[in-house]
Amino acid sequence: MSKTAEPQTRSLSSRQRCPQASGLECLAPLVRSAEETPDPIPTTIEGTIPPWINGSFLRNGPGKFEFGTDRYTHWFDGMAMMHRFHIREGNVTYSSRFLRSDSFVENSEKNRIVVSEFGTLAMPDPCKNIFARFLSRFQTPKPTDNANVNFVKYKGDYYVSTETKYMRRVNPQSLETKEKVDWSQYIAVNSASAHPHYDRDGSTYNMGNSYSRSGFFYNIIRVPPPEEKAAMEDSADLSGANVICSIPAADPRKPSYFHSFVMSENYIVFVEQPIKIDLLKFMLYKIQGKSFSKVMTWEPQHATIFHLVNRHTGKKSEVKYYTGPMFTLHQINAFEDSEFLVMDMCCGGDGELIGEFTLENLRRNSGEEIDEFYNSLCRNLPRRYVLPLSVDEQTPADENLVTLHNCKATARMTKPGEVYMTHEELHNDELLQFGGLEFPQINYHQFNGRPYRYFYSCGFGHVFSDSLLKMDVHTKELKAWRYPGLYPSEPVFVASPKATEEDDGVVLSVIITPREEKSTFLLVLDAKTFSELGRAEVPVNIPYGTHGVFNEMG
Ligand SMILES: [Fe+2]
């Protein structure tokens, strides 16, 4: 297939389309170390928390940025802090704990940083790249178990996860740290992503890398549902996990970075994007103790390849689906519609502008200093791609194969077995005023892998998200929650028990602020109207976090 990306019908990048900011405020207080609150404390309720919400909103993220006089340089290096908002009968309590990872324990004992993290290596010139954590997949012998990205579930057990081969099992009620789990003890992978997908049969799908003499592979992993007997035992259990498909990297010396993938009723799609890691350089730099900042590269001379895999058979489609160069972190959803697979994701067109999320950058002063950093960042906008599923030797060349009603995405067979796609924008210009969006969430339980209408996300009018957004993908109508000085976390949807419509329920988000006169709170929005139902104010500081989940088991 052609290695050269075809020109796309876009004249301006997503960053150029969004307005430049000026006079932004300093966000340093949002990346300050916090104290843990292991025993649940009460919150002050304003408005009404619907009494039907019963469970815990769990969030993860970096929460400690120094030991003694040693300081981390990169935001992702911060020690994992777990937060729990326990909601019951209209009341909310808050608690938090640091993950007792090996890194945390060893650093605490020595009162200095003795374990390398993604951007703070035990050598000069720490890595400065946003994707530095990915490099830990190649670091030997000791990848980190500082799992500060997400809460994930396998066989009914909760774990915290990053992107290395380690996870930590945790107690979702007490936030106690349990055993360390090593993926490579179960299957031949060297890592697993922090964004698995959950099938309605109880199994979990994920993707992880493997590399050996035979090459570099992106692997699709399936962990089966729990067995009844095993579910009673209090120990980590990934038994029965297997690799259902291994996809060789287009260039084994330069594999692509990935952060998530999509899953429909029958398929998984893996996007191989032109954000590359030069493995030879990596090994060389490691030996020389040099900076890794040049190891991750944006290589727009390459196309973006979509690998379509039947998740029941593990069979990869022979068809090569591809589009122009783009950058994506978070996928929104995918579903099948007649003979098509529709997939939605947050994308940027200019991968060279991926920010360096060092603590130095994040703590820049208000005004010009922080404006300059924000204005240099890539903006992500939602896109829809459509993959025609029945492509064969009868398929006509150079004809738009997408016949879905009202769909502007296209797919053309450029030569036998190769299909070039262009996307439909899943937004109107109104979104540009919010700086694009990221951290997409849907009514996952009912609509993941199925036709859907709404997604919720964070708008990025600042370096950290400064609005909550609800997008109707049918009409592209936008609803927004945005107030000066308030910085919301990823919104998580919780369906009401009597839900009849997709957006019957609430959206939960933790709101933090660098302003002393404002407070931190759990926000509860009516998912349908996007208006505030209530909030639970917390008398402690919470740092800016990564991902979270709602645990209806309490
Ligand atoms: Fe993520």
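# Exercises on a predicted model

E369 lies in helix 6, and that helix is where we'll come back to in Exercise 4. Keep in mind that this is a predicted model.

## Exercise 1: How far can you trust it?

Find the average pLDDT of the chain, then look for stretches where the score drops below 50.

**Solution.**
Step 1. Start with the whole chain: the average pLDDT is 91, and 90% of the residues score at least 70.
Step 2. Now look at the start of the chain. Residues 1-9 have a pLDDT below 50, though the model still gives this stretch 27 contacts beyond near neighbours in sequence.
Step 3. Move along to residues 122-130. Here, too, pLDDT stays under 50, and the model has 29 contacts for them beyond four places in sequence.

## Exercise 2: Hunting for disulfides

How many disulfides does the structure hold? Check C18 and C407 by hand.

**Solution.**
Step 1. The count is 0 disulfides.
Step 2. Take C18. Its closest cysteine sulfur is in C378, 9.4 Å away, and that's too far for a bond. A disulfide needs the two sulfur atoms within 2.5 Å.
Step 3. Now do C407. The nearest cysteine sulfur belongs to C347 and is 14 Å away, so by the 2.5 Å cut-off C407 is in no disulfide.
Step 4. Are these two cysteines buried or exposed? C18 has a relative accessible area of 3%, which makes it buried. C407 comes in at 19% and is buried as well, because the cut-off for buried is under 20%.

## Exercise 3: Inside a cavity

Which residues line the second largest cavity, and what kinds of residue are they?

**Solution.**
Step 1. Count the cavities: a search of the whole structure turns up 5 of 30 Å³ or more.
Step 2. Pick the second largest, which holds about 80 Å³ of space.
Step 3. List its lining: R59, H83, Y487, P488, S489, V510, I512, I542, P543, Y544 and G545.
Step 4. Sort those residues by type. You should get 7 nonpolar, 3 polar and 1 charged.
Step 5. Look for strands that help build the wall. Strand 32 (487-488) and strand 34 (505-512) each give at least two lining residues.

## Exercise 4: Helix 6 from both sides

Which residues of helix 6 are buried, and what do they pack against?

**Solution.**
Step 1. Helix 6 covers residues 368-375, and its buried residues are I370, D371, F373, Y374 and N375.
Step 2. Those buried residues pack against helix 1 (14-17) and helix 5 (359-362).
Step 3. Compare with E369, which is partly exposed at a relative accessible area of 40%.
Step 4. Try a distance, too. E369 and F530 are 161 residues apart along the chain, and their C-alpha atoms are separated by 33 Å.

## Exercise 5: Two buried residues and their neighbours

Where do F464 and S96 sit, and which residues do they touch?

**Solution.**
Step 1. Place F464 first: look in the loop between strand 29 (454-459) and strand 30 (467-472). F464 is buried, with a relative accessible area of 1%.
Step 2. Leave out residues up to four places away in sequence, and F464 touches L27, L30, V31, W75, F357, L362, Y487 and Y544. One of these, Y487, you already met in the cavity lining.
Step 3. Now S96. You'll find S96 in strand 7 (residues 91-98), buried at 0% relative accessible area.
Step 4. With the same residues left out, S96 touches E35, E36, T37, P38, M81, M82, H83 and L175. H83 is also part of that cavity lining.

## Exercise 6: Positive phi

What are the phi values of F439 and K476, and where do these residues lie?

**Solution.**
Step 1. Know what to expect: most residues other than glycine have a negative phi.
Step 2. F439 has a positive phi, near 55°. This residue is in strand 28 (residues 437-441) and is buried, at 11% relative accessible area.
Step 3. K476 also has a positive phi, near 65°. Its place is the loop between strand 30 and strand 31 (478-481), and K476 is buried at 13%.

How values were computed: Residues are numbered from 1 along each chain as its sequence is written. This is a predicted model: local features need pLDDT of at least 70, side-chain atom pairs count only at pLDDT 80 or more; totals for chains, interfaces and linings use all residues. Side-chain values use heavy atoms; hydrogens and water are left out. Buried means under 20% relative accessible area, exposed over 50%, partly exposed in between (1.4 Å probe, protein chains only). On a 1 Å grid over the protein atoms alone, a cavity is a set of points where a 1.4 Å probe fits but cannot get out, and a pocket is an open set with protein on both sides within 12 Å along at least five of seven lines; lining residues have an atom within 4 Å of a point. Grid points are joined across faces, edges and corners, and a volume is the space filled by probe spheres set on the points. Helices (H or I, at least four residues) and strands (E, at least two) are DSSP runs, numbered from the N terminus. Ala, Val, Leu, Ile, Met, Phe, Trp, Tyr, Cys and Pro count as nonpolar, Asp, Glu, Lys and Arg as charged, and the others, Gly among them, as polar. pLDDT is the predictor's confidence in each residue, from 0 to 100. Contact means heavy atoms within 4.5 Å.
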